[in-house]
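Please look at the sequence and the model below, and then follow the text through the structure one contact after another.

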Amino acid sequence: MGRVYKAEFRHEAVRLALSSGLSRERIAQDLGIGSSTLKKWIRDAQQHDTVVADATDHAALLLENERLRRENLLLREERELLKKATQFFASQRS
C-alpha cells in the first residue's frame, strides 16, 4: 500500500494546485508526490468540498486578470506606436 498523508497536507496541496498558478506537475514535484496523486486529491476535494470551488474560481479569476493585464500592455504599446506614426506622417505632409 502507498504512503499515507495527513488531511492537512492533502488540503494544502489541493489549495496550492488550484490557486498558485503553477502547473500541477510542478506542485506535485515540489511536494514530493506523484502528479496522479495530486489529481486524485483535487478530484476528491471537488466532489466533497465547496471551498475548493471557491479556490478554483479564484484561480480562474487570477489567470484572467493576468491575461487582461498582458493584453492591456500590448494595446498601450500599439497605441503609442500609432501616435508616433501619425505624428511622423503629419510632419511629412507639411
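## How the helices meet

In this predicted model, a good place to begin is the contact in which Arg24, Glu25, Ile27 and Ala28 of helix H2 meet Ser35, Leu38, Lys39 and Ile42 of helix H3. The residues of this contact of H2 with H3 divide into 4 nonpolar, 1 polar and 3 charged. Helix H2 covers residues 24-31, while helix H3 covers residues 35-48, and the two pack at an angle of about 110 degrees with their axes 8 Å apart. Since angles from 65 to 115 degrees count as roughly perpendicular, that angle makes H2 roughly perpendicular to H3. The crossing of H2 and H3 is right-handed.

Helix H1, which spans residues 7-19, also packs against H2, at an angle of about 145 degrees and with the axes of the two helices 9 Å apart. On the side of H1 this contact is made by Phe9, Ala13, Leu16, Ala17 and Leu18, and on the side of H2 by Arg24, Ile27 and Leu31. By class, the residues in the contact of H1 with H2 are 7 nonpolar and 1 charged, with no polar residue among them. H1 passes H2 in a right-handed crossing.

The next pair to look at is H1 and H3, which pack at an angle of about 95 degrees, with their axes 9 Å apart. H1 and H3 are therefore roughly perpendicular to each other. Here Phe9, Arg10, Ala13, Val14, Ala17 and Leu18 in H1 meet Leu38, Trp41, Ile42, Ala45 and Gln46 in H3, and the residues of this contact divide into 9 nonpolar, 1 polar and 1 charged. Some residues can thus be followed from one contact into another: Phe9 and Ala13 of H1 take part in the contact with H2 and also in the contact with H3, while Ile27 of H2 meets H3 and belongs to the contact with H1 as well.

From the helix contacts we can turn to the largest pocket, which holds about 180 Å³ of space. Its lining consists of Ala17, Leu18, Ser19, Ser20, Gly21, Leu22, Ser23, Arg24, Ala59, Leu62, Leu63 and Glu66. The elements that give two or more residues to this lining are H1 and helix H4, which runs over residues 50-93, and H4 gives the most, with 4 residues. By class, the lining has 6 nonpolar, 4 polar and 2 charged residues. Ala17 and Leu18, which line the pocket, are also residues through which H1 meets H3.

Terms used
Residues are numbered from 1 along each chain as its sequence is written. This is a predicted model: local features need pLDDT of at least 70, side-chain atom pairs count only at pLDDT 80 or more; totals for chains, interfaces and linings use all residues. Side-chain values use heavy atoms; hydrogens and water are left out. Axes are lines fitted to C-alpha atoms, for helices over the stretch in contact, and angles run from 0 to 180 degrees between N-to-C directions. A crossing is left-handed if the near helix is turned anticlockwise from the far one by less than a right angle, and right-handed if clockwise. Contact means heavy atoms within 4.5 Å. Ala, Val, Leu, Ile, Met, Phe, Trp, Tyr, Cys and Pro count as nonpolar, Asp, Glu, Lys and Arg as charged, and the others, Gly among them, as polar. Angles under 35 degrees count as roughly parallel, over 145 as roughly antiparallel, 65 to 115 as roughly perpendicular and the rest as oblique. On a 1 Å grid over the protein atoms alone, a cavity is a set of points where a 1.4 Å probe fits but cannot get out, and a pocket is an open set with protein on both sides within 12 Å along at least five of seven lines; lining residues have an atom within 4 Å of a point. Grid points are joined across faces, edges and corners, and a volume is the space filled by probe spheres set on the points.
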